[in-house]
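Q: I would like a close look at a single part of this protein, followed by a connected account of the side-chain pairings elsewhere in the chain. Please take it step by step.

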Amino acid sequence: MFPRDFAWGAGTAAYQIEGGWQADGKGQSIWDTFCHEKGRVFGEQNGDVACNSYELWEKDLECIQQLGLTHYRLSLSWARLLPDGTTQHVNQKGVQYYNKVIDDLLACSVSPMVTLYHFDLPQALQDQGGWKSSDIVTLFDSYARFCFQAFGDRIKLWITINEPYVCAKLGHEDGVHAPGSKEEPGIAAYLVGHNMLRAHAMAWHSYDSFYRTKQKGAVSLAINSDWLEPLSADCTEDIAATERYLAFTLGWFAWPVFVTGDYPEIMRSAIDAQSKKLGYNGSSRLPSFSKDEPAILGTADFFALNYYTSRKVKPGGGCGKMLCMKSDRDAEEVLDLSWPICGLSWLAVVPHGLRKLLWYIKDTFNNPAVYITENGFSQVGPLQIEDVQRSEFYKDTILEVAEAIQEDGVNVRGYFAWSLLDNFEWADGFSARFGLFHVDFADANLSRTMYQSGREYAKIVLKYKCGQSR
C-alpha cells in the first residue's frame, strides 16, 4: 500500500519543545516576547522550559526509536544559532546542539527533515521591522545559507518556512500569534506573506546554485490547508465562495510557487474590488513580485502539506466598512455537525478530507511529490493515555493516504504525525495535547509516556517498514 522508501515520521518545532530560552547564549525570539506579555497565552503559560528538549534530547531520541520512525521533522531556532538574527554573531553552543541532534538521528538510521523557520523570528529582527521589512528577505537568505553550510552535508529534506499563512494572518492580522500585531488589517498580512515567499524563493535559489550539486537535498516550504467544499454542492454562490477561500489560503502560497509565479487572479481581483468599494486609493494591497528578483515559480522540490481539518463554505464574513482579509475573501466557514470535534473547537476530525485535498493538489499543481508534513489530533481536558479515539484517527487517516496513493495516483512520499510530544501549543499553551507521547509538565523530570495512539502508529510504521509494502 505504500512505497518501500516511504517516509514515516513525526514532527516538532523548536519553540514548542526545546525550552532553554536563555541557555548558552541563545537570543530572544518573538515568541519569548509574546508569551511574557500578560493575556497573550492560555494560563499565562510560556515555552521557557516546555519539554526541555535542549537538555533532554536523549529522551526525545528514545521516543523516536520506540516509534520506529524512519524520519523526524524538527525546526532550528534562528535565535539559538544567530542570537541577533545575523551571521555577524554565531552561537557555537547552538550549532553544537543541532549537530548532536542530527548526528544522533543518523546514527539511529533516522533521516532528519529540517525546518529553518517555524514561527520564532529573532526579536532583534522584529525590532527592525520583522517580516514587514523588505530587508528580512536577504537576512533570511543569509541565515538559510549558514544552515545549509553548517548542516546540509547530512540533511536531504529542507523546509524553509512553516505555514506562512498562519504567520501572516494570525500574527499580523488577528494578533493571536507572535508578534501579536493587528494595527494594519487588510494590509500587513499580505505584505508579510509576500516577504515570506520572496525569502523562501531566494533561499531555494541559493541552495540550488551553491549546495544542491554536492549535498543532493530537496527544499520546499510547508503550506497548511483545510479541505474546503461548498455548503451546498449545487449552489453557484457557495461554489464561488469555496474557490475564493481556497485562493486566499492554499492558493496564496502554492499558486506562485507551483503554477504561475504570481498570486491567484481571483485573490487579487477580490482584494482590489474591495479596496475600490471602500475608497482605498493606494496601490494594490496585494504586492507584486519584481522581475529583478529571483523567480518564485518552481521554487519547491516537493509539496509539503500540513492538514488538520475540513470545512464547508458559503459567502459571507467581513468587517463592515473596515479593510480586512475576511471582507476581501467574502467566504465563511461552516462546520458540518456530522464531523466529530477533537479537543480544540476548530479541529473537526475529517480523515477523508485529506484524501480529497491530496487529489486537488495532484490535479491543480501538476502532480508534485507530496510529503504530509503535519497531521494530528488534539486532546483537551482529562488526560487519556489510552486515547482510543486518536488511535482510530491515525488508522483511518493513514488508510485514506494509502487510497490516495493506490487509487488516485497521488505521489505521496511521506507522512509526519503531529506531534512527537505533548508540547507548548502556541496560544493554547499546554492545554492542548497533540503528542504520540504524553509529557508530564508537573513532573520535574518531564517524564514521557507513550499514548495508545503512539503504540498504534508504531505498529503501522513497523508493518510497512518490514516489507509488506509493494
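Is tyrosine 308 buried or exposed, and what is its relative accessible area?

A: This is a predicted model, and the reading below should be taken in that light. Tyrosine 308 is buried, because its relative accessible area is 11% and the cut-off for that class is under 20%. Its ring takes part in an aromatic pair with tryptophan 346, with 6.1 Å from centre to centre and 75° between the planes, an arrangement that counts as edge-to-face. This pair joins distant parts of the chain, since tyrosine 308 lies in the loop between E7 and strand E8 (310-314), while tryptophan 346 belongs to the loop between E9 and H15, 38 residues apart. The two partners do not fall into one class of exposure: tyrosine 308 is buried, whereas tryptophan 346 is partly exposed at a relative accessibility of 37%.

The loop that carries tryptophan 346 also holds isoleucine 341, placed between strand E9 (332-334) and helix H15 (351-364). Isoleucine 341 is partly exposed, with 34% relative accessibility, and it forms a nonpolar surface patch with Leu335 and Leu337, the three together having about 290 Å² of accessible area.

Aromatic pairing can also be followed in other parts of the chain, and the count for the model comes to 46 aromatic pairs. Among them is the pair of tryptophan 131 and phenylalanine 140, which is tilted, with 6.0 Å between the centres and 50° between the planes. Here both partners are shielded: tryptophan 131 is buried at 2% relative accessibility, and phenylalanine 140 is buried with a relative accessible area of 0%. A cluster of aromatic residues is formed by Phe2, Phe6, Trp8, Phe377, Phe393, Tyr394, Tyr415, Tyr457 and Tyr464. Rings also meet charged groups, as where arginine 80 lies over the face of tyrosine 54 at 4.2 Å from the ring centre, and where the charged end of arginine 285 sits over the ring of tyrosine 280, 5.9 Å from its centre.

Charge pairing offers a further view of how distant segments are brought together. Side chains of opposite charge can pair when their charged atoms come close. Over the whole structure, a search finds 28 salt bridges. One of these salt bridges joins aspartate 103 and arginine 154, at 2.8 Å from N to O. Its partners are 51 residues apart, aspartate 103 in helix H5 (residues 92-107) and arginine 154 in the loop between helix H7 (136-151) and strand E4 (157-162). Aspartate 103 is partly exposed, with a relative accessible area of 36%, whereas arginine 154 is buried at 17%.

A salt bridge at 3.1 Å, N to O, connects arginine 212 with aspartate 301. This pair spans 89 residues, from arginine 212 in helix H10 (residues 212-215) to aspartate 301 in the loop between helix H13 (265-277) and strand E7 (303-306). Aspartate 301 is partly exposed, its relative accessible area being 30%.

Aspartate 330 and arginine 244 also meet in a salt bridge, at 3.5 Å from N to O. Aspartate 330 is in the loop between helix H14 (325-329) and E9, and arginine 244 is in helix H11 (residues 236-248), so that the pair links parts of the chain that are 86 residues apart. Aspartate 330 is partly exposed with a relative accessible area of 33%, while arginine 244, at 15%, is buried. Salt bridges also link Glu229, Lys312, Asp336 and Lys356 in a network.

Two polar residues complete the account. Serine 77, in the loop between strand E2 (71-75) and helix H4 (78-81), is buried with a relative accessible area of 3%. Apart from residues up to four places away in sequence, serine 77 touches Ala14, Glu18, Lys26, Tyr98, Asp120 and Tyr143. Asparagine 52, found in the loop between helix H2 (30-35) and helix H3 (57-67), is likewise buried, its relative accessible area being 13%. Leaving aside neighbours within four places in sequence, asparagine 52 is in contact with Ile17, Glu18 and Leu446. Glu18 therefore appears among the contacts of serine 77 as well as those of asparagine 52.

Key
Residues numbered from 1 in each chain as written. Predicted model: local features only at pLDDT ≥ 70, side-chain atom pairs only at ≥ 80, totals over all residues. Heavy atoms only, no water. Helix = DSSP H or I, 4+ residues; strand = E, 2+ residues; numbered from the N terminus. Buried < 20%, exposed > 50% of the residue type's maximum accessible area, 1.4 Å probe, protein only. Contact = heavy atoms within 4.5 Å. Patch = residues over 30% accessible without salt bridge, like charges linked within 9 Å, V, L, I, M, F, W, Y side chains within 5 Å. Areas by Shrake-Rupley, 256 points an atom, 1.4 Å probe, with all protein chains shown as cover. Salt bridge = Lys/Arg side-chain N within 4 Å of Asp/Glu carboxyl O. Phe/Tyr/Trp six-rings, centres within 6.5 Å; stacked < 30°, edge-to-face > 60°. Lys NZ or Arg CZ within 6 Å of the ring centre and 35° of its normal.
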